[in-house]
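Reader: I would like a close look at a single part of this protein, namely its open sheet and what packs against it. Please treat the strands, the helices and the nonpolar core together.

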Amino acid sequence: MSRGEYLNGKVLANYLGFDFIDAADVIYIDKHGRYDEKRTDAALTKALSEHDYAVIPGFYGQLNDESGRIKAFSRGGSDVTGSIVAKCACADLYENWTDVSGFLIADPRIVKDPKPIATITYKELRELSYMGASVLHQNSIFPVRNEGIPILIKNTNSPEDPGTLIVESTCHKPYHVITGIAGKTGFATVMIEKDMMNSEIGFGRKVLQVFEEHGLSFEHMPSGIDTMTIIVNSDDFIEKEQAILAGLHRAVQPDYIVLESDLALIAVVGRGMKDSRGTSARVFKALAKENINVKMIDQGSSELNIIVGVRNCYFKPAIKAIYDEFITSEDDE
């Protein structure tokens, strides 16, 4: 799988007259597909110091178990390689050239001609990438973020387009209240109900431990006085559904457990939200106008994002409705 990157790197280095550094010699990846920061940074920094100009293929490295075997990042891993190289080179800017002109406020497959995002923070990008905005690999943020290195997304086929600048923080005020909208379908909810749950010390830990023991991570966990809802990926949960239910009964002796699938999550993200009143109300108004029922809502104390849950069938209409409320209507004013 890595040989296309390797051979293309060889050809490009020869064409440019640059040195070639094999990623397998300087980038170490663990069995889970995460880069080994300590070993990689030492090896790559030394290699970069020995070359004025170099081509380094992306997407792969060496497994960090001393076996010498090639190990690849997940799809889009070349973004991660570029970020690691930018960090170790102490770059002023990491340019990532791709086939789109930066990030868009919404998915163009859902919203026609969505507006581009000129400047976005790492935190906003992290939220949008996790919820489905796939211009840049979500793990490519961390190496450069720790060093304060901005990322510029540019279009190889339209180099004149300004692209999107990704920064740690900025005084640049966004034109719109929200920066972007993204979401994914295919979630399930596990609602656990038990009287006096709130007074039972360790209840939440016991619930989450059941999911941990079955290798499942949770997406969100809205709760009430006597209810706790765990939102998980539907496909992963269905495979272990009955075992998890049995584990929950043994662990916390609930009064009821109610399962629902067919849930989509939509994230409305923007640093401008904390300075604007009524953002949640506008989200609800936009969805109500289209007769879309909200199944779940979650807002962090940072006021950076609002996440709403709707039926899968309302996923696209919901994104369109929110876009029209925050972008189209504001542009028309």
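Author: Two strands count as paired if DSSP finds at least two bridges between them. In this predicted model, A182 has A267 of strand 12 as its bridge partner. Eleven bridges join strand 10 to strand 12, and the two run antiparallel.

These strands belong to an open sheet of five, ordered 11-10-12-14-13, with antiparallel pairing. Strand 11 (227-233) and strand 13 (296-299) each have a single partner strand and stand at the edges, so one side of each lacks a neighbour in the sheet. From one strand to the next, the twist averages 30°.

Helices pack on this sheet. Helix 9, spanning residues 241-252, touches strand 10 and strand 12, and its direction makes about 110° with that of strand 12. Helix 10 touches strand 12, strand 13 and strand 14; the angle between its direction and that of strand 14 is about 20°.

The sheet also contributes to the largest nonpolar core, which has 50 residues; I151, I166, I178, L265, I266, I319 and I322 touch the most other members. Among the elements that each supply at least two residues of this core are strand 10 (180-193), strand 12 (256-269), strand 14 (305-311), helix 10 (279-289) and helix 11 (315-332). Leaving aside residues up to four places away in sequence, I322 touches I181, I266, V268, V283, A286 and L287. A second core, separate from this one, comprises 17 residues, including A23, V26, L44 and I56.

Note on methods. Residues numbered from 1 in each chain as written. Predicted model: local features only at pLDDT ≥ 70, side-chain atom pairs only at ≥ 80, totals over all residues. Heavy atoms only, no water. Core = buried A, V, L, I, M, F, W, Y, C linked by side-chain atoms within 4.5 Å. Buried < 20%, exposed > 50% of the residue type's maximum accessible area, 1.4 Å probe, protein only. Helix = DSSP H or I, 4+ residues; strand = E, 2+ residues; numbered from the N terminus. Contact = heavy atoms within 4.5 Å. Axes fitted to C-alpha atoms, helices over the stretch in contact; angles between N-to-C directions.
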